[in-house]
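Colleague: I should be grateful for a close look at the aromatic rings of this model. Please describe how they are arranged and what surrounds them.

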Amino acid sequence: MLYYLFEYLEKQYQFPGASLFQFLTFRAGMSVLLSLILATVYGKRIIRLLQRKQVGETVRDLGLAGQQEKAGTPTMGGIIIIFATLIPVLLFARLDNIYVILLIVTMLWMGVIGFIDDYIKIFKKNKEGLKGRFKVLGQVVLGLIVGATLYFHPDVTVREKNYSLITTEYKLQQVQGGEVKSLATNMPFFKNNQLDYANWIGWMGEGAEQYAWLLFIPIVIFIVTAVSNGANLTDGIDGLAAGSSAIIVLTLGIFAWVSGNVIFSEYLDIFFIPKAGELVVFITAFVGALIGFLWYNAYPAQVFMGDTGSLTIGGVIAVIALIVRKELLIPILCGIFFAESLSVMIQVSYFKYTKKRFGEGKRVFLMSPLHHHYQKKGYHESKIVTRFWIVGILLAIITVVTLKIR
């Protein structure tokens, strides 16, 4: 919307070529500023609305310190994050950009699934919420949409590297790489850092690469489902999911910026992804919304994000990572989500195994997910959250450093 007004003014007054970068920086700055204002100013009004509608959290007695005091705290606060992100995006981003469209669809899709889940828990008085199979089905369908778009849409391309060519006249000629469709992604820690999913089925014979979508789309579905569920499990104590997610999204913003810049992508030997720079506008708005939400979600929380927020956050993070071709870094960058999910899988698997083997189930952790284990050990949730943030920052630094360490 406002983007097209700014673009018109840029052409009208014939700004210098350097203004393309300045234009993107300006819009990113406006996005984060507006999202912060919306989340902090209007966030308070949304919280009051949730209180009037009696959209309060029902707390199960798990024997955790300070747990009962949280009963009745407004939930569905993910609405604040979605609202504060989409308004700046609609104002400042290019709405004809396929990556922006994909992220808007992801945010709305996961937001609706989370909202239905929260609605059933609160208004239908069903603590289980939306049945797990329907929740997973929604994530699978989104993964199918994202995977198909990234594979088939003509605007999803990468730029081939420039190279030198000696002509028949023995003259050195520089050839600029063109935009091509590719399933290649960046492999961290390796010097030859390109991994092409299409090569994984090359053994099937000539022409097998055209069926690479049969492998790529299931991988996308798995990533979207895993990250969104990981974010959902992390949302258990005040400020943990919002703060950890802000760190992750800001790091992905760095990758989006360098991947959309031909100079930095060439210097860092990563893919130059045309049109990916526009992601920065969405990401800055998203970071601003998360930080603004954290104003009310930090201990003691005045609002919880609910599944409306946590599923949305995880889905958006997964799609951004796939777009900038950094999905192989998710286990490092989203290490907090990964640890939380792994703790649940270990706990459940070991309990079932010992119950079947010895007739009595045993546990590895005092309680899962992992943050509840530390609560059971007597740590205050503010200390747990702060330390998890510190670990998240360290993982983010390691992720960024992989740009050069190979």
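Modeller: The account below takes up the ring pairs, then the charges over rings, and then two helices.

The model is a predicted one, and it holds 10 aromatic pairs. One of these joins Phe115 and Tyr119, whose rings are stacked, with 6.4 Å from centre to centre and 25° between the planes. The angle meets the criterion for stacking because planes under 30 degrees apart are counted in that class. Both residues belong to helix α4 (residues 98-123), where a spacing of four residues places them about one turn of the helix apart. Phe115 has a relative accessible area of 36% and is therefore classed as partly exposed. Tyr119 is likewise partly exposed, its relative accessible area being 36%. The pairing extends further, since ring pairs link Phe115, Tyr119 and Phe123 into a cluster.

A second pair is formed by Phe152 and Trp213; it is tilted, with a centre-to-centre distance of 6.2 Å and an angle of 50° between the planes. Phe152 lies in helix α5 (residues 132-152) and Trp213 in helix α6 (residues 213-234), so this pair ties together parts that are 61 residues apart in sequence. Phe152 is partly exposed, at 48% relative accessibility, and Trp213 is also partly exposed, at 30%.

Charged side chains are found over two further rings. The charged end of Arg325 is placed over the ring of Phe271, at 6.0 Å from the centre of that ring. Lys362 lies over the face of Phe358, and the distance to the ring centre is 5.2 Å.

Helix α6, which contains Trp213, also contains Thr225. Thr225 has a relative accessibility of 14% and so counts as buried, the limit being under 20%. A polar atom of the Thr225 side chain lies 2.8 Å from the backbone oxygen of Ile221. Leaving aside residues up to four places away in sequence, Thr225 touches Gln139 and Val140.

Helix α3 (residues 78-92) offers a check on helix geometry. With 15 residues at 1.5 Å a residue, α3 should span 21 Å, and because its end C-alpha atoms are 22 Å apart, the two values agree. The buried residues of α3 include an aromatic one, Phe92, together with Gly78, Ile80, Ile81, Ile82, Ala84, Thr85, Leu86, Pro88 and Val89.

How values were computed
Residues are numbered from 1 along each chain as its sequence is written. This is a predicted model: local features need pLDDT of at least 70, side-chain atom pairs count only at pLDDT 80 or more; totals for chains, interfaces and linings use all residues. Side-chain values use heavy atoms; hydrogens and water are left out. Rings of Phe, Tyr and Trp (its six-membered ring) pair if their centres lie within 6.5 Å; planes under 30 degrees apart count as stacked, over 60 as edge-to-face and the rest as tilted. Helices (H or I, at least four residues) and strands (E, at least two) are DSSP runs, numbered from the N terminus. Buried means under 20% relative accessible area, exposed over 50%, partly exposed in between (1.4 Å probe, protein chains only). A charge sits over a ring if NZ of Lys or CZ of Arg is within 6 Å of the ring centre and within 35 degrees of the ring normal. The expected span of a helix is 1.5 Å times one less than its number of residues. A polar contact is a pair of N or O atoms within 3.5 Å; within protein, one must be able to donate a hydrogen and the other to accept it, and residues adjacent in sequence count only if both atoms are side-chain atoms. Contact means heavy atoms within 4.5 Å.
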